[in-house]
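Morning, everyone. I'll keep this brief and talk about empty space inside a protein. Please look at the model first.

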Amino acid sequence: MPGGFCGHPGSVADPEENHVQQRALGSQGLTVSAEGLGCMGMSAFYGPFDDAESTATLHRALDLGVTLFDTADAYGPHTNERLVGQALRGRRDEVVLATKFGNELDGDTRTGRVNGTPEYIRRAVDGSLQRLGVDVIDLYYQHRVDPDTPIEETFGALGELVAAGKVAYLGISEASAATIRRAHATSPLTAVQTEYSLFTRDVEDDGVLATVRELGIGFVPYSPLGRGFLSGRIRSVDDFAPDDWRRTSPRFQGGNFAKNLAVLDELVALARDKGVTPSQLALAWVLAQGEDVVPIPGTRRIANLEENVAALDVTFTAMDLAALDRLAPVGVAAGERYAPQGMQTLNH
């Protein structure tokens, strides 16, 4: 087998068992399920969706022991917060609700700008509280960093929200190591969220992962399945719905897609030898990167949710991990994560 991958079957849990382990997220006192649920695709960006199916998936996640649910005001916009808030109503004490602000909205329209001003934050948090139907947001992220507003102003305002009891813990998404330090010095961060998977390991090279660990901040990888690519089910752009944004993603275009498929085929073979699905292999690798890591794979389907949760019981040997590092090193993916406009909003 390529890379000397060991063929010991992974132990996959009974999906009927509420077995999700807990992890401390950061050093500010927040504890969450070791795997959360990304809710974006229930309302936006990934083709057709069904609110009834999504609601059933949210309920099933709770029954399995998932406690961290991740949304944002920009998802929809607004509709995903309403969906999540309604679905989880009546089980508030079981839930850690995370949402985000910063991709500026004008009513129900995304403006394409990033806004981190205190005035905008105060409007944004009140809107999210109302849509979620809660008195406090458990984890509130700056979704993207506003390059025109000093981070100290943004996190000064966020600290005021914590003092006012509207927000319990703070986070930041897709920020540079330097910005994370400045934000944390202003108002302590509980979590940093960014893309991280076997195909996107930039944070290992750009200082972000080292910085969060030095400062005692939890790390929340989004898209730990490479936007579904690492499931092994995507073989062509024709596998995407006409309105699925991945059709325009550089990693799914032409020669980039062909190169990425070649690596994926080897990962699929490794998963088969391990006795797990490709998704479980990819998620288990992220989970194995540290007890301070809490991935939030997104899905709107119960079957995918149960498959993802079962990854918590996949174990690796040192040889397994070394083989995966050789096959999918930092920089292995061909193509940028986003189209040029999206890349401009990252790493400020």
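Start with the second largest cavity. Its lining is made of L198, L230, L264, L267, P278, L281 and A282. Two elements each give two or more residues to that lining: α7, which runs 254–274, and α8, which runs 278–287. Which of the elements gives the largest share? That is α8, with 3 residues. And the chemistry? The lining of the second largest cavity has 7 nonpolar residues, no polar ones and no charged ones. The space inside the second largest cavity is about 40 Å³.

I should say that this is a predicted model. Keep that in mind for everything that follows.

How do we look for such spaces? Rolling a probe the size of a water molecule over the atoms shows where empty space is left. How many cavities of 30 Å³ or more turn up in the whole structure? The search finds 2.

Now the largest cavity. About 110 Å³ of space lies in it. The residues around the largest cavity are E195, S197, F199, T200, G226, R227, F229, S249, R251, F252, N260 and R337. By class, the lining of the largest cavity splits into 3 nonpolar, 5 polar and 4 charged residues. Set that beside the second largest cavity, where the lining has 7 nonpolar residues and no charged ones.

Next, a pocket. The second largest pocket has a volume of about 220 Å³. It is lined by 19 residues, and the closest to its centre are E174, D202, D206, R337 and L346. You have heard R337 already: it also lines the largest cavity. The lining of the second largest pocket divides into 7 nonpolar, 5 polar and 7 charged residues.

Let me step back to the whole protein. There are 11 helices and 11 strands. The C-alpha trace spans about 55 × 40 × 40 Å along its principal axes. Is the overall size that of a compact globule or not? For 348 residues, a compact globule would have a radius of gyration near 20 Å, and the protein has 19 Å, so the two agree.

Burial next. Of the 348 residues, 57% are buried. As for contacts with a separation of 6 or more, 77% join residues 24 or more positions apart.

Last, the outside. The accessible surface comes to about 13,400 Å². Carbon and sulfur atoms hold 51% of that surface.

That's my tour. Over to you.

Technical notes. Residues are numbered from 1 along each chain as its sequence is written. This is a predicted model: local features need pLDDT of at least 70, side-chain atom pairs count only at pLDDT 80 or more; totals for chains, interfaces and linings use all residues. Side-chain values use heavy atoms; hydrogens and water are left out. On a 1 Å grid over the protein atoms alone, a cavity is a set of points where a 1.4 Å probe fits but cannot get out, and a pocket is an open set with protein on both sides within 12 Å along at least five of seven lines; lining residues have an atom within 4 Å of a point. Grid points are joined across faces, edges and corners, and a volume is the space filled by probe spheres set on the points. Ala, Val, Leu, Ile, Met, Phe, Trp, Tyr, Cys and Pro count as nonpolar, Asp, Glu, Lys and Arg as charged, and the others, Gly among them, as polar. Helices (H or I, at least four residues) and strands (E, at least two) are DSSP runs, numbered from the N terminus. The radius of gyration is taken over C-alpha atoms; the globule rule is 2.2 Å times the number of residues to the power 0.38. Buried means under 20% relative accessible area, exposed over 50%, partly exposed in between (1.4 Å probe, protein chains only). Contact means heavy atoms within 4.5 Å. Accessible areas come from the Shrake-Rupley method with a 1.4 Å probe; for residues, only the protein chains shown count as cover.
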